[in-house]
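Biologist: I've got a structure to go through with you, and I'd like to hear how each label is earned. Shall we take it from the top?

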Amino acid sequence: MIAGLALKQKAIPPKYFYDARGSRLFERICRLPEYYPTRAELALTRSSLPAIGRFCGRQGELIEYGSGSSLKTRLLLRRLRPARYVPVDIAAAALARAVARLEREFPWLEVRAVAGDFSRPLSIPAFGAGRRRVVYFPGSTIGNLTPEEAQAFLRMTRGQVGPRGRMLVGVDLKKDSRILHAAYNDAQGVTARFNLNLLARINRELGGSFDLRRFAHYAFYNAPLGRIEMHLVSLARQQVDVGAHRFAFAAGETIHTENSYKYSVAEFESLAAAGGFAARRLWLDRREQFALFGLGAA
Ligand code: AVJ
């Protein structure tokens, strides 16, 4: 985190959004009228569940990059009845809560949680040789990675699932920039609080002296790069201490806190191919705002 604040373009990786307060704020974002991805993905998952079930098969191993707290996950668990479920999440608290709930709801399911950063190589213990491994990566969190990072990540996942394996990945599609802008600048200001919470977290955990009233949320669609960018703008010339480090901010200078890449179907299909996968299935919501790709070995 400190290293990012020392960069020419100050930056903090989005994984630091998800402390307990950040995770709660994100759950509120998912219910906002402007933030369509969660509802779109849930609707298409519901309506395509039989086809998704046929594509993935049953009694295999389901690995999810995310805590597994979502309704989508529970729909999949009921349909796929995996022999083992492995949720992987950096937010240990959210993960523990989700696992406790899943174990109550699915007493027949073996749950093996992994608290870790899925953008890094993960060692997931092998499970039943004959069983198919399915990786589930919902929510368009793949959008936090640059296309180069996403390609490397897909290649790593291809290695993990093997030639018989499958991957289900949720991808937010390119669309009218006004819809995208509104989704990251909601009228209630929840996304702004989610973004600013990063500074409160630094103050709490690293002894920072950020005055949140002197920073503002700023999110826009960068069309040439095909991504939403979130920033925190310094509203004045100021100095901030973080532990023994002092950082100077000019008025208008920003901290880059998140990228959320958007893809066309064709763009994501070629990214998947570069990662060693073939896009074998495609499920879209009614408004074609969000896609779930079913990937298999190329
Ligand atoms: C969880 C990364 C998919 O980029 O849309 C929501 C996070 N950031 N509002 C996204 C987020 C601002 C979200 N992902």
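Modeller: Sure, one definition to begin with: helices (H or I, at least four residues) and strands (E, at least two) are DSSP runs, numbered from the N terminus. By that count the chain has 10 helices and 13 strands. Keep in mind that this is a predicted model, where local features need pLDDT of at least 70, side-chain atom pairs count only at pLDDT 80 or more, and totals for chains, interfaces and linings use all residues. Residues are numbered from 1 along each chain as its sequence is written, and side-chain values use heavy atoms, with hydrogens and water left out.

Biologist: What makes the chain as compact as a globular protein of that length?

Modeller: The radius of gyration (taken over C-alpha atoms) is 20 Å, and the globule rule gives 19 Å for 298 residues; the two are close, so the chain is as compact as a globular protein of that length. That rule is 2.2 Å times the number of residues to the power 0.38. The C-alpha trace spans about 60 × 40 × 35 Å along its principal axes.

Biologist: Where is R81, and why is it called partly exposed?

Modeller: R81 is in the loop between α5 (71–80) and β2 (84–89). Buried means under 20% relative accessible area, exposed over 50%, and partly exposed in between (1.4 Å probe, protein chains only). R81 has 32%, so it counts as partly exposed. Its phi is positive, near 35°.

Biologist: What about Q59, buried or partly exposed?

Modeller: Partly exposed, because its relative accessibility is 41%. Q59 is in the loop between α4 (49–56) and β1 (61–65), and its phi is also a positive value, near 60°. For background, most residues other than glycine have a negative phi.

Biologist: Why is α5 called largely enclosed?

Modeller: Because 7 of its 10 residues are buried. Among them are K72, R74 and L80.

Biologist: And K262, why does that lysine count as buried?

Modeller: Its relative accessible area is 3%, so K262 is buried. K262 lies in the loop between β11 and α10 (265–274). Its C-alpha atom is 5.5 Å from that of D172, 90 residues apart along the chain.

Biologist: How many disulfides does the structure hold?

Modeller: It holds 0; a disulfide would be a pair of cysteine sulfur atoms within 2.5 Å. As for burial, C30 counts as buried at 17% relative accessibility, and so does C56 at 2%.

Biologist: Which residues come nearest to the ligand?

Modeller: Y35, G139, Y184, E258 and S260, out of 14 around it (a residue is near if one of its heavy atoms lies within 4 Å). By class, the shell has 7 nonpolar, 6 polar and 1 charged residues. Here Ala, Val, Leu, Ile, Met, Phe, Trp, Tyr, Cys and Pro count as nonpolar, Asp, Glu, Lys and Arg as charged, and the others, Gly among them, as polar.

Biologist: How do you know that E258 makes a polar contact with the ligand?

Modeller: A polar contact is a pair of N or O atoms within 3.5 Å. A side-chain N or O atom of E258 is 2.7 Å from a nitrogen atom of the ligand, which fits. S260 passes too, with a side-chain N or O atom 2.8 Å from a ligand oxygen. Taken alone the ligand exposes 350 Å², and the protein buries 97% of that (Shrake-Rupley method, 1.4 Å probe).

Notes: Polar contact = N/O pair within 3.5 Å; in protein donor to acceptor, adjacent residues only side chain to side chain.
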